[in-house]
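Good morning, and thank you for joining. I should like to take you through one structure, beginning with a helix and ending with the overall fold.

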Amino acid sequence: MIKLVNVWFKYVGGREWVLKDVNLEFRRGEVVVLRGPNASGKTTLMKVASLIYKPSKGSVVVNDDMDVWSRGGDYLVKYRRMVTYVSEKPVMFKGTVYDNIAYGLTLRNYSLSEVERRVYEVSRKLGIEHMLDKDVKVLSAGEKQVVSLARALVLTPAIMFLDEPLTNVDEDRRKTVINALKEFKSLGSGLVIATHLYEGLDEINPDKVVILKNGVVVKIT
Ligand SMILES: Nc1ncnc2c1ncn2[C@@H]1O[C@H](COP(=O)(O)OP(=O)(O)O)[C@@H](O)[C@H]1O
Ligand SMILES: [Mg+2]
């Protein structure tokens with residue numbers, strides 16, 4: 001569980017508060033949709049919640065422990081492994097789709113056969129099995145988005161933050177992706193999905209919808 005407590009955030013050199021006194025909780029097994037117009041602070045909020053950005057004020061508490069940032073060091077590293085942020089514009093590593101999905105597992109010292117098993121499993125769920133040997137250079141934006149999802153899902157993080165995950169994904173593939181996300185939830189992981197649209201997300205059936213405006217949480221339903 002990740003809890004933002006009285007979180008304020010301002011970018012270095014920025015004049016305005018981008019997040020203003022945000023209090024939110026994200027749990028395993030829960031799907032949260034984070035909605036709000038462009039520039040309302042969705043991406044910033046998710047980066048704070050996934051321990052990429054340190055809040056300017058307030059705290060980020062994981063598993064009812066103390067503030068991660070005051071503990072720092074090993075705790076930060078440990079907790080960062082539990083959460084994953086998937087960017088709207090993913091950066092791919094050089095190589096094939098397989099290499100990209102396998103990368104995190106290899107870093108975590110899984111055996112080759114286990115890496116292979118997991119990469120195939122997640123690719124099958126997302127319908128990208130046939131692409132595994134492709135060089136990522138030739139992928140479309142939508143394909144890259146799905147590969148970056150695979151790269152995150154394969155590590156089975158406790159909570160995953162997806163930034164506008166369906167923007168470039170075409171109709172045909174949306175359903176497959178949504179089903180894979182539902183399965184991920186049913187396995188007990190948490191999902192937070194930021195979107196400025198609502199398109200396609202009805203099917204996800206979120207447990208909670210958080211509306212952000214101008215850096216303020218204006219509604220939780
Ligand atoms: N790296 C940055 N430096 C300065 N300001 C930023 C940076 N990233 C975002 N902002 C500003 O923070 C506000 C919120 O942006 P963002 O979190 O990206 O919103 P959203 O994801 O809802 O579109 C915007 O006004 C944006 O211009
Ligand atoms: Mg954004």
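**Helix H4 and its surroundings**

Let me begin with packing: the buried residues of helix H4 lie against two other helices, H5, spanning 112–126, and H6, spanning 141–153. Please bear in mind that this is a predicted model. Which residues of H4 are buried? Within this helix, which covers residues 97–107, they are Val 97, Asn 100, Ile 101, Ala 102 and Leu 105. Just beyond the end of H4, Asn 109 adopts a positive phi of about 65°.

I turn now to the start of the chain. Met 1 sits in the segment that precedes strand E1, residues 2–9. Is Met 1 buried or exposed? The answer is partly exposed, because Met 1 has 15 C-beta neighbours inside 10 Å, whereas a buried residue would need 20 or more and an exposed one 12 or fewer. If neighbours within four places in sequence are set aside, Met 1 contacts Glu 25, Phe 26, Arg 27, Asn 63 and Asp 64. In addition, the C-alpha atom of Met 1 is 6.5 Å from that of Arg 28, although 27 residues separate the two along the chain.

Finally, the protein as a whole. It contains seven helices and nine strands, and its C-alpha trace spans about 45 × 40 × 35 Å along the principal axes. The radius of gyration is 17 Å, which agrees with the value near 17 Å for a compact globule of 221 residues. Of those 221 residues, 39% are buried. Among contacts with a separation of 6 or more, 71% join residues 24 or more positions apart.

Definitions and conventions
Residues are numbered from 1 along each chain as its sequence is written. Chains are lettered from A and ligands numbered from 1 in the order in which they are written. This is a predicted model: local features need pLDDT of at least 70, side-chain atom pairs count only at pLDDT 80 or more; totals for chains, interfaces and linings use all residues. Helices (H or I, at least four residues) and strands (E, at least two) are DSSP runs, numbered from the N terminus. Two residues are in contact if their C-beta atoms, placed from the backbone, lie within 7 Å. The radius of gyration is taken over C-alpha atoms; the globule rule is 2.2 Å times the number of residues to the power 0.38.
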